[in-house]
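Okay, can everyone see the screen? I'll put the model up and then walk you through a few places in it.

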Amino acid sequence: MSDILTVDKLCKSYEKFRLDNVSFSLEKGKITGFIGRNGAGKTTTLKSLLNFVHPDSGEINFFGKNFSEAENEIKQKIGFVSGGMDCYIKSKLRTISTTTKRFYPEWDEKAYKKYLELFSLDESKTPSQLSAGMKVKYSLALALSHNAQLLILDEPTSGLDPVSRDELLDVFLELCSGGKTILFSTHITSDLDKCADNIIYIKNGRILAQDNMEHYTAGYRLLELDDEGAQILKDKLIGCKKSRHGWSALIKTMDCKDIPQAQPADLEDIMVHMEKEEE
């Protein structure tokens, strides 16, 4: 069992949505991608972990300690970063940083200055003057400057251009090579193809899969079929959908040993076809 984060049977109910017995764990020093379509429960899960919303039931342990019993201590070791900054948008970064570090006894001013330089951040600017990518980098600088061991990232690359996204992914890889652990929620699966070690897939409030990234994608193949082929293989196909030249579908690798046209499936292929499957 991981001593970084373990979640057991987490539940949260709303009028039209339920987070249903969500359970998973994180591997230390790795990037774990948390995927699912919009509305699947990613943000609700992350906010429940940190008590931003109150779970109905379930157990959450960080660093071997129960979150409800050691919340303040645990939050000193966690950095939470989302895709934007909606507060204090007219305050200078210098002012925001000065206020923030009062809450963290282990604030490392030397590390903070290092990340300001690394991310090319100007403390005289305000969040309203920063691009979306620079806002994320500033949030990262704050999180990393209090010696956070775990980074929880909620759609940090959403809305960024490809170059900015790629730069952030390089930062994430470098952080994990230095021993940090990252839980990275996103619906941009191509980002995870570049950096994730492990994957957690949530669908309609339930965990559909938790696996090593390479092992998970290796378990499926992608097929392009005509009408006849789709009919012949229909009992083995997953998420069959119309495509330009006929039909597209997933098939389990174990089921396609005699099907030479089966191609490797990436994470986006798997997610698109899984979402076509009926509950």
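So, phenylalanine 63: you'll find it in the loop between strand S4 (57–62) and S5, where helices (H or I, at least four residues) and strands (E, at least two) are DSSP runs, numbered from the N terminus. Its phi is near 55 degrees, a positive value in a residue other than glycine. Phenylalanine 63 counts as buried because its relative accessibility is 16%; buried is under 20% relative accessible area, exposed is over 50%, and partly exposed is in between, using a 1.4 Å probe and protein chains only.

Quick housekeeping. This is a predicted model, so local features need pLDDT of at least 70 and side-chain atom pairs count only at pLDDT 80 or more, while totals for chains, interfaces and linings use all residues. Residues are numbered from 1 along each chain as its sequence is written, and side-chain values use heavy atoms, with hydrogens and water left out.

Now compare serine 120. Its phi is also near 55 degrees, again positive in a residue other than glycine, and serine 120 sits in the loop between helix H4 (109–118) and H5. Buried or exposed, this serine 120? At 58% relative accessibility, serine 120 counts as exposed.

Back to the phenylalanines. Phenylalanine 67 is in the loop between strand S5 (65–66) and helix H2 (71–75). With a relative accessible area of 5%, phenylalanine 67 is buried. What does phenylalanine 67 contact, leaving aside neighbours within four places in sequence? The answer is Leu49, Leu50, Asn51, Ile60, Asn61, Phe62, Ile74 and Lys75, and contact here means heavy atoms within 4.5 Å. One of those partners, asparagine 51, comes just after H1 and takes a positive phi of about 65 degrees.

That takes us to H1 itself. Helix H1 (residues 42–49) has 6 of its 8 residues buried, so it is largely enclosed by the rest of the structure. The buried ones are Lys42, Thr44, Thr45, Leu46, Ser48 and Leu49.

Yes, there's a lysine in there. Lysine 42 counts as buried, at 4% relative accessibility. Not counting residues up to four places away in sequence, lysine 42 touches Phe34, Ile35, Gly36, Arg37, Glu155, Ser185, Thr186, His187 and Ile202. For a sense of distance, the C-alpha atoms of lysine 42 and arginine 244 are separated by 32 Å, and the two are 202 residues apart along the chain.

Next, the nonpolar cores. By that I mean sets of buried Ala, Val, Leu, Ile, Met, Phe, Trp, Tyr and Cys residues joined through side-chain atoms within 4.5 Å. The largest has 50 residues, and Leu140, Leu151, Phe172, Phe184 and Tyr216 touch the most other members. Which helix gives the most to this core? Helix H5 (residues 132–144), with 8 residues. Apart from it lies another core, of 26 residues, including Ile4, Ala40, Phe62 and Ile74.

Let me zoom in on two members of the big one. Phenylalanine 184 is in strand S8 (residues 181–185), and at 0% relative accessibility it counts as buried. Outside four places in sequence, phenylalanine 184 is in contact with a long list, among them Ile31, Leu153, Pro156, Phe172 and Cys195. Phenylalanine 172, with the same kind of neighbours left aside, is in contact with Ile31, Leu140, Leu153, Pro156, Ile182 and Phe184.Now the helix pair. H5 and helix H6 (residues 162–177) pack at an angle of about 15 degrees, with their axes 11 Å apart; axes are lines fitted to C-alpha atoms, for helices over the stretch in contact, and angles run from 0 to 180 degrees between N-to-C directions. That makes H5 roughly parallel to H6, since under 35 degrees counts as roughly parallel, over 145 as roughly antiparallel, 65 to 115 as roughly perpendicular and the rest as oblique.

Who meets whom? From H5 it's Val136, Lys137, Leu140 and Leu144, and from H6 it's Glu167, Leu168, Val171, Phe172 and Leu175.

Last stop: arginine 165, also in helix H6. At 15% relative accessibility, arginine 165 counts as buried. Not counting residues up to four places away in sequence, arginine 165 touches Thr157, Leu160, Ile188, Ser190 and Asp191. That's my tour, thanks.
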